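Q: Please give me a close look at one loop in this model. Then work outward from there to the parts around it in the chain.

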Amino acid sequence: VGEGDAGGAAEGGAEGASAKATGPAPASAGGPSAASFDEPLPFGDEAEQPPLEPPLAGRACEAPTHFMLHQTVEVMSVDDTPTNHLVVERILRKARYKFTACLDGASALRLLEERGYLPDIVLLDVMMPGMSGHEVCAELRRRYPAAPLPVIMLSAKTTNEDLLEGFKSGCLDYVCKPFDRQLLYARIQAHLRHAKVQGGSLRAPPAAAPSVRMGATVR
């Protein structure tokens with residue numbers, strides 16, 4: 001209402017003055033104008049950007065988490081390379097987390113549907129046969145709200161476009177390969193703490209330092 005009302009006041013006399021008197025106070029000198037917040041994003045077509053829906057807006061969690069039922073944190077790894085599962089399991093061993101491995105997205109979705117409860121966090125590879133990580137993540141978001149199920153994507157695809165595609169599909173974090181083991185562990189802990197704050201039902205056990213050397217990377 002800054003520029004329109006001010007112009008009306010200058011050119012329309014009493015009518016403009018009345019509009020100015022009844023409208024909100026103008027922005028202070030030197031501050032951002034209201035119009036600056038309406039500018040389109042600097043990438044993509046504005047018409048192609050769908051409105052974002054808050055993860056928990058009007059939606060309830062359809063399934064409990066592993067921690068709610070068993071009082072231990074479960075990390076689910078979805079990756080078509082068995083060696084990657086072994087690496088992640090080793091990183092988490094000292095933390096006493098339950099580790100569940102799935103070799104493809106379809107089997108992970110089927111497992112969640114059959115057993116009726118969610119892991120506390122998902123590590124999701126992007127490039128897999130059958131369903132891609134993006135497709136799996138989008139399906140997870142369709143079935144379950146975001147906050148109780150953090151999803152971290154792991155991928156060797158590292159361009160800005162790759163990261164944007166991951167976040168559009170619903171992941172909460174994106175880790176590029178090769179990744180640092182300590183950094184991945186820290187990210188998992190951060191998302192578990194955030195889930196605890198959001199849902200109030202997850203209490204991660206005390207963080208134990210993983211038995212890996214600093215700077216070690218996984219490809």
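A: R96 sits in the loop that joins helix 4 to strand 2. Helices (H or I, at least four residues) and strands (E, at least two) are DSSP runs numbered from the N terminus. The model is predicted, so local features need pLDDT of at least 70 and side-chain atom pairs count only at pLDDT 80 or more, while totals for chains, interfaces and linings use all residues. Residues are numbered from 1 along each chain as its sequence is written, and side-chain values use heavy atoms, leaving out hydrogens and water.

R96 has a phi near 65°, which is positive although the residue is not glycine. Most residues other than glycine have a negative phi, and most peptide bonds are trans. R96 is exposed, with a relative accessible area of 56%. Here buried means under 20% relative accessible area, exposed over 50%, and partly exposed in between (1.4 Å probe, protein chains only).

Before this loop comes helix 4, residues 82–92. Its buried residues are N84, H85, V87, V88, I91 and L92. They cover an arc of only 160° around the axis, so they lie on the same side of helix 4. The arc is that of the directions from the helix axis to the C-beta atoms. An α-helix has 3.6 residues a turn, so residues three or four places apart point the same way.

After the loop comes strand 2, residues 98–102, which holds T100. T100 is buried, at 12% relative accessible area. Its side chain makes a polar contact with the side chain of E74, at 2.5 Å. A polar contact is a pair of N or O atoms within 3.5 Å; within protein, one must be able to donate a hydrogen and the other to accept it, and residues adjacent in sequence count only if both atoms are side-chain atoms. Neighbours within four places in sequence aside, T100 is in contact with E74, V75, M76, S77 and L111. Contact means heavy atoms within 4.5 Å.

Strand 1 spans 74–78, and the loop between helix 3 (66–70) and this strand holds Q71. Q71 also has a positive phi without being glycine, near 60°. It is exposed, with a relative accessible area of 53%.

Helix 5 covers residues 105–115. At its start, a side-chain oxygen of D104 comes to within 3.2 Å of the backbone nitrogen of A106. The buried residues of helix 5 are G105, S107, A108, L109 and L112. They pack against strand 1, strand 2 and helix 6. Just after helix 5, G116 has a positive phi of about 85°.

Helix 6 leads on to helix 7. Two packed helices are described by the angle between their axes and the distance between the axes. Helix 6 (residues 133–143) and helix 7 (residues 160–169) pack at about 25°, with axes 8 Å apart. Axes are lines fitted to C-alpha atoms, for helices over the stretch in contact, and angles run from 0 to 180 degrees between N-to-C directions. The two helices are therefore roughly parallel; that label covers angles under 35 degrees, with over 145 roughly antiparallel, 65 to 115 roughly perpendicular and the rest oblique. Helix 6 contributes H134, C137, A138 and R141 to the contact, and helix 7 contributes D162, E165, G166 and S169. By class, there are two nonpolar, three polar and three charged residues. Ala, Val, Leu, Ile, Met, Phe, Trp, Tyr, Cys and Pro count as nonpolar, Asp, Glu, Lys and Arg as charged, and the others, Gly among them, as polar.

E165 and H134 are 31 residues apart in sequence but 7.5 Å apart in space, C-alpha to C-alpha. At 38% relative accessibility, E165 is partly exposed. The buried residues of helix 7 are D162, G166 and S169. They fall within an arc of 70° seen down the axis, so they line one face of the helix. Among the elements covering them are helix 6, strand 4 (151–155) and strand 5. The face of helix 7 turned away from this buried side carries the exposed residues N160, E161 and K168. G170, just after helix 7, has a positive phi of about 120°.

Further along, P178 lies in the loop between strand 5 (173–176) and strand 6 (179–180). The peptide bond from K177 to P178 is cis, with omega near 0°.

Across the protein chain there are eight helices and seven strands. Of its 219 residues, 37% count as buried.
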